[in-house]
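Q: Please take a close look at one helix in this model and at the charged pairs associated with helices, giving the cut-offs behind each term.

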Amino acid sequence: MALRSMRKTRGCWGFIRALHKAPQAAPAPQKDAVRRVFSGIQPTGTPHLGNYLGAIESWVSLQNEPGSVLYSIVDLHSITVPQDPAVLRQSILDMTAALLACGINPEKSILFQQSQVAEHTQLSWILTCMVRLPRLQHLHQWKAKSAKQKHDGTVGLLTYPVLQAADVLLYKSTHVPVGEDQVQHLELVQDLARGFNKKYGEFFPVPKSILTSMKKVKSLRDPSAKMSKSDPDRLATVRITDSPEEIVQKFRKAVTDFTSEVTYDPAHREGVSNLVAIHSAVTGLPVEEVVRQSAGLDTAHYKLLVADAVIEKFTPIKSEIEKLKMDKDHLEKVLQMGSARAKELAYPVCQEVKKLVGFL
């Protein structure tokens with residue numbers, strides 16, 4: 001009995017090894033890899049309107065397309081800046097609740113906690129040893145964030161784009177949804193995949209970008225900047241858990257200009273155009289139709305119309321978040337099951353990488 005069990009186990013691992021056999025014997029994965037989408041979100045603060053329209057909404061729709069999708073709560077990335085441990089633990093659960101409430105379905109996708117899959121950091125170190133320091137120093141986000149933090153910027157802040165690359169490549173992902181500000185980081189992922197393949201043989205697919213249809217949602221108080229969780233002006237960012245009264249107040253105070261007509265002209269009327277883009281995204285109407293329907297409205301009344309559309313979109317989501325947050329055990333179980341499924345995919349890939357690199 002035990003002998004049969006051992007044979008079955010060896011057979012199972014033989015099958016897994018066959019799936020991840022030496023790359024020299026396999027056709028180039030770029031040509032026939034099964035479509036696999038990977039994306040991640042940091043558990044820092046409540047998701048806001050920009051997160052929802054720029055990422056989460058497209059994540060939900062990607063679940064219904066052919067192939068597999070993995071969505072990670074990237075808690076390792078969040079500690080590139082100081083975190084309170086108790087707050088971080090709660091934030092991970094809150095983000096899980098928010099994603100589920102927005103429509104992420106653990107039966108259609110793999111939703112997991114990054115730090116529960118140790119292979120992310122193992123692959124990250126291997127890739128870190130392949131990238132030159134100046135390449136990381138020239139990334140726009142490093143320049144922007146290190147400038148703000150002066151001499152307080154950590155090594156983690158410098159190298160987290162390599163961890164991002166490991167996140168993607170660990171699952172042999174073929175596609176990555178990205179916003180405008182992440183294109184440079186995806187280029188690093190692609191370069192590392194090509195560099196690894198050139199050195200060790202064809203192994204990683206070179207992932208392609210999926211650009212979200214919604215451009216960056218801008219701050220309501222400074223339409224030249226994107227909406228951000230960390231904006232010190234509380235009126236600048238609309239969170240998906242804001243009350244109707246808070247949403248109305250924030251849109252009332254939204255910066256526009258001295259022209260009362262509603263038009264869409266991002267180059268010359270950033271504030272009003274941001275409102276039109278938001279209105280279009282939450283209603284599903286084309287920008288041209290939104291502008292046409294708003295003919296005759298001044299911007300003061302139009303702000304209230306946009307606020308009502310956002311409230312209508314977020315009210316059921318907010319209600320579901322509140323319900324889910326009351327069941328901590330369920331949220332933890334979702335993450336544990338998702339992390340186990342992610343590890344099933346990550347472990348054999350990481351083992352094969354170690355062999356290729358030369359580890360015993």
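The answer below begins with the whole chain and then turns to helix 14.

A: This is a predicted model, in which local features need pLDDT of at least 70 and side-chain atom pairs count only at pLDDT 80 or more, while totals for chains, interfaces and linings use all residues. Residues are numbered from 1 along each chain as its sequence is written, and side-chain values use heavy atoms, with hydrogens and water left out.

The protein has 15 helices and five strands, where helices (H or I, at least four residues) and strands (E, at least two) are DSSP runs numbered from the N terminus. Of its 360 residues, 44% count as buried; buried means under 20% relative accessible area, exposed means over 50%, and partly exposed lies in between, with a 1.4 Å probe and protein chains only. About 18700 Å² of the protein is exposed, with carbon and sulfur atoms supplying 55% of that area, as computed by the Shrake-Rupley method with a 1.4 Å probe. Among the contacts (heavy atoms within 4.5 Å) with a separation of 6 or more, 76% come from residues 24 or more positions apart.

Helix 14 covers residues 299-325. Its 27 residues should span 39 Å at 1.5 Å a residue, and its end C-alpha atoms are 37 Å apart, which agrees; the expected span is 1.5 Å times one less than the number of residues. The helix nevertheless has a kink of about 35° at phenylalanine 314, shortly before proline 316, the bend being the angle between axes fitted to the seven residues ending at a position and the seven starting there. Phenylalanine 314 is also one of the buried residues of helix 14, which include Tyr302, Lys303, Val306, Val310, Ile317 and Leu324. The buried residues of this helix pack against helix 3 (49-62), helix 5 (85-102), helix 11 (244-252), helix 12 (270-283), helix 13 (287-293) and helix 15.

Towards charged pairs, helix 14 contains glutamate 320 and lysine 323, three residues apart, about one turn of the helix. These two residues form a salt bridge whose closest N and O atoms are 3.4 Å apart, a salt bridge being a side-chain nitrogen of Lys or Arg within 4 Å of a carboxyl oxygen of Asp or Glu. Glutamate 320 is partly exposed, at a relative accessible area of 28%, whereas lysine 323 is exposed at 54%.

Helix 15 (residues 328-357), one of the packing partners of helix 14, holds a pair of its own, for lysine 328 and glutamate 332 are four residues apart there, about one helical turn. Their salt bridge has its closest N and O atoms 3.9 Å apart, and the two residues are partly exposed, lysine 328 at 48% relative accessibility and glutamate 332 at 29%.

A contrasting setting is offered by aspartate 242 and lysine 250, whose side chains meet in a salt bridge at 2.7 Å, N to O. Aspartate 242 counts as buried at 9% relative accessibility, and lysine 250 counts as buried at 4%. Elsewhere, Arg135, Asp191 and Arg194 are linked in a network of salt bridges, and the structure holds 13 salt bridges. Side chains of opposite charge can pair when their charged atoms come close.
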